[in-house]
Amino acid sequence: DARENPPVRRVSDWDAERLRGLAAEYETPLYVQDLDRVRENCERLLAAFPNADVRYAVKAHTGRAVLETVRDAGLDAECASAGEVDRALAAGFDGSRLHYTAVNPPARDLDYVVGVAEAEPDLTVTVGAADTLDRLAERGYDGRVCVRVNPGVGAGHHEKVTTGGAAKFGIPYDRAAEAARAAAERFDVVGIHAHAGSGIDPEQLDSHRELVARMGELARDLAAPGAADDDAPASAAPLDLEYVDVGGGFGVPYEEDASPLDLSAVADATREAVAPLPEGVDLAVEPGRYVVADAGVLLTRVNTVKDTPDETVVGVDAGMTDLLRPAMYDAYHPIRNLGGASGESPVEEREATPVTVAGPICETGDTLGKNRALTDPVRGDLLAVGVAGAYGYEMASQYNSRPRPAEVALDDGTAAVARRREALGDLTTVEREADRDRTDRP
Ligand code: LLP
């Protein structure tokens, strides 16, 4: 029921004692990903979209334990690169559950995926450019293809992640039918695809609905050329599509008081807008963020508190290299002081003060939150940065020669290291290997 599987987990819902214990044991910065919550999110999606294919957009969180959890829950995997396909295979997704979305795909990625398709002929390649089709054909690929369409409408939490309408993605809507029919001469065209963008909030449902309606119309044109008022040549053969994939992008609330997306309302609106689908054609969706975002927190320790004439800056040991979203998109992540500094009063007894939380990177943009009311943080306190499970660890980098953080996965409450903390030596591995290769050369 809804109490056991609430639509959102807030940073305040996490067990503070448990998080303090994990930080003490595994040190900080530390990502904590709760697989039970991932499972609940999958269940909620499957319940909201009962007759649809639900595909997890792997890019949101590629950790092995997460992928296995999603696989067991029954979702397919949508992969953006050879690396993601490789991870999905390692996590046990078979070809019939693999969807590779090729965006200006590097030759190496195509070589790899075409190789995989020889053993796993049921995998599908989603293609958004005529060139990509030619490049697949050149490699001898004649398997399953889904045609990615640029629906001309987009949505998202930031212009940098609004894909629909952006020229880089998909075949323009008014040329899509022709492209799909041409593709069917060389490949097994099984679907059409569009993705509006990421982080669609309840106010952007109209764009989502518009995109979905356009995709439904395209599916009907392809199934029965000439039936509607499309300009298909009378000779065009109908396409036997399996699905219409309307992308992911379901938003989650980051602000503590924001209301969650009503998933069943989105599902109803989607089904209604896409209808009527031709006989045998299913709806497909591919959420990433929704599956993993509120299942993760980033734990970081306060190491410096500095009062300036303008503000109080709380320096912590995680920064934009650990969680890039605030620096890159001005994204908001809730931050909670879990206290724990030795000899200090419990956080509940302290006053809330507005502070800026800043990391150790030499860039002004290296903040995790600005002007936040935190209960008077002092050196040694532990902060939990919430809703960090999607595009958190995934976008981590080694800039400033900072080793990437560790991540623990909680499974039925039991913690296990999912990704070990990088050491200084990891920063130079590829250089040392290059040195060795040079000396080895005859
Ligand atoms: N399908 C396709 C083809 C996509 O490109 C994406 C995300 C998704 C599905 C999943 O979207 P989601 O359900 O996760 O919103 N780094 C950014 C998000 C970039 C998303 C890119 N594409 C962020 O941190 O907000």
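So, domains to begin with: the domain assignment splits this chain into domain 1, residues 35–291, and domain 2, residues 294–427. Please keep in mind that we are looking at a predicted model. Taken over C-alpha atoms, the centres of domain 1 and domain 2 lie 33 Å apart.

How do the two domains meet? On the domain 1 side, 21 residues are in contact, and they touch 20 residues of domain 2. Which elements of domain 1 give two or more residues to that side? They are α2, residues 35–48, and α3, residues 64–73. Of the elements there, α2 gives the most, with five residues. As for the chemistry, the residues on this side of domain 1 divide into six nonpolar, seven polar and eight charged.

Now let me take you to a pair of helices, α4 and α5. Helix α4 covers residues 82–90 and helix α5 covers residues 107–119. Their axes are 9 Å apart, and the two helices pack at an angle of about 30°. Angles under 35 degrees count as roughly parallel, so α4 is roughly parallel to α5.

Which residues make this contact? From α4 we have Ala 82, Val 85 and Leu 89. On the α5 side, they meet Arg 108, Asp 109, Tyr 112, Val 113 and Val 116. If you sort the residues of the contact of α4 with α5 by type, you get six nonpolar, no polar and two charged.

To put the two contacts next to each other: the side of domain 1 that touches domain 2 has seven polar residues, whereas the contact of α4 with α5 has no polar ones. Thanks, everyone, and I'm happy to go back to any of these views.

Conventions: Residues numbered from 1 in each chain as written. Predicted model: local features only at pLDDT ≥ 70, side-chain atom pairs only at ≥ 80, totals over all residues. Axes fitted to C-alpha atoms, helices over the stretch in contact; angles between N-to-C directions. Helix = DSSP H or I, 4+ residues; strand = E, 2+ residues; numbered from the N terminus. Parallel < 35°, antiparallel > 145°, perpendicular 65-115°, else oblique. Contact = placed C-beta atoms within 7 Å. Nonpolar A, V, L, I, M, F, W, Y, C, P; charged D, E, K, R; others polar. Domains from an automatic or database assignment.
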